[in-house]
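Me: I've just opened this one and could use a quick tour. Can we go through it together?
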Amino acid sequence: MRFYYYWIAIAAFLLDLITKKIIAAQLEIGEQISVIGNFFLITSYRNRGAAFSILQEQRVFFIIITVLIVSAIIWYIQASRKSGKVWLLTGLGLVLGGAIGNFLDRAIAGEVVDFLMFNFGSYTFPIFNIADSAICVGVACILIDTLLNSKEDSKRIGNREDKDQNEHEQQPV
């Protein structure tokens, strides 16, 4: 499918937008719904910072950084689109959709709607949303692409060295 990476970005963005709207409309801030006991809860939380609630109240900083990152991702997608690297382009699409999803929240409301909460015993993992998930899965796809390509590059370099060695051995002295 042509431009599938942009369709992935749009799907991630829309899924994030829809779920955030549902949470904001249906739950009061702090309200929780148990999905799997105390392990997985849907909760309504607002984050004015970045991942894990760091850098609180830095709205302008996040908006500037996100515009730069989104621009760089779009540039890199355009530069890489003919490479046929499915893992890379899928990952970039997911990161793009997630970045735009959280950007929209920050630009409009100054905060991001988070709602996925996981508890591991007494430890509560920082609450997150679909955009955050898309970014993390996207980065994982990019890393997979990097690992797969580093193996292919190693094989190509090894084959080239073998070929050079064979040519060197066959030359008359």
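Me: Let's start with contacts. Among those between residues at least 6 apart in sequence, what share joins residues at least 24 apart?
Reply: In the protein chain that share is 61%. Keep in mind that this is a predicted model.

Me: OK. How many helices and strands are there?
Reply: The protein chain has four of each: four helices and four strands. Going from the N terminus, the order is α-β-β-α-α-β-β-α.

Me: And what part of the chain is buried?
Reply: Buried residues account for 33% of the 173 residues.

Me: Which residues make up the largest nonpolar core?
Reply: There are eleven: Tyr5, Ala9, Val70, Ile73, Ile77, Leu88, Leu89, Leu92, Val95, Leu96 and Ala99. Helix H1 (4–26), helix H2 (59–80) and helix H3 (86–109) are the elements that each give two or more residues to this core.

Me: Which of those gives the largest share?
Reply: H3, with six residues. Apart from this core there's another, of nine residues, which includes Leu27, Ile42, Val113 and Leu116.

Me: Why would residues like that gather?
Reply: As a general tendency, nonpolar side chains in soluble globular proteins are buried together.

Me: Let's pick one from the big core. What does Leu88 touch, leaving out residues up to four places away in sequence?
Reply: Leu88 touches Tyr76, Ser80, Ile142 and Asp145.

Me: Ile142 caught my eye there. Where is it?
Reply: Ile142 sits in helix H4, which covers residues 130–170. Beyond its neighbours within four places in sequence, Ile142 is in contact with Trp87, Leu88, Gly91, Leu92 and Val95. Leu88 and Leu92 are both members of the largest nonpolar core, and so is Val95.

Me: Then why isn't Ile142 listed in that core too?
Reply: A core takes buried residues, and buried means under 20% relative accessible area. Ile142 has 23%, so it counts as partly exposed.

Me: How far is Ile142 from Val86?
Reply: Their C-alpha atoms are separated by 9.5 Å, with the two positions 56 residues apart along the chain as the sequence spacing.

Me: New topic: pockets. What lines the second largest one?
Reply: The lining is Leu17, Lys20, Lys21, Ala24, Leu104, Asp105, Ile108, Ala109, Glu111 and Val113. H1 and H3 are the elements that give two or more residues to that lining. The pocket holds about 160 Å³ of space.

Me: How do those lining residues divide into nonpolar, polar and charged?
Reply: Six are nonpolar and four are charged, with no polar ones. Val113 belongs to this lining, and it also turns up in the core of nine residues.

Me: What about cysteines: is Cys136 buried or exposed?
Reply: Cys136 is exposed, because its relative accessible area is 55% and the cut-off for exposed is over 50%. Cys141, on the other hand, is buried at 8%.

Me: How many disulfides are there?
Reply: Zero, from a search of the whole structure.

Me: Any glycine worth a look? Where is Gly49, say?
Reply: Gly49 is in the loop between strand S2 (40–47) and H2. Gly49 has 0% relative accessibility, so it counts as buried. Its C-alpha atom is 8.4 Å from that of Phe62, 13 residues apart along the chain.

Me: Last one: where does Pro126 lie?
Reply: Pro126 is in strand S4, residues 123–128. At 24% relative accessibility, Pro126 counts as partly exposed. The C-alpha atoms of Pro126 and Asp114, twelve residues apart along the chain, are 9.3 Å from each other.

Note on methods
Residues are numbered from 1 along each chain as its sequence is written. This is a predicted model: local features need pLDDT of at least 70, side-chain atom pairs count only at pLDDT 80 or more; totals for chains, interfaces and linings use all residues. Side-chain values use heavy atoms; hydrogens and water are left out. A nonpolar core is a set of buried Ala, Val, Leu, Ile, Met, Phe, Trp, Tyr and Cys residues joined through side-chain atoms within 4.5 Å. Buried means under 20% relative accessible area, exposed over 50%, partly exposed in between (1.4 Å probe, protein chains only). Contact means heavy atoms within 4.5 Å. On a 1 Å grid over the protein atoms alone, a cavity is a set of points where a 1.4 Å probe fits but cannot get out, and a pocket is an open set with protein on both sides within 12 Å along at least five of seven lines; lining residues have an atom within 4 Å of a point. Grid points are joined across faces, edges and corners, and a volume is the space filled by probe spheres set on the points. Ala, Val, Leu, Ile, Met, Phe, Trp, Tyr, Cys and Pro count as nonpolar, Asp, Glu, Lys and Arg as charged, and the others, Gly among them, as polar. A disulfide is a pair of cysteine sulfur atoms within 2.5 Å.
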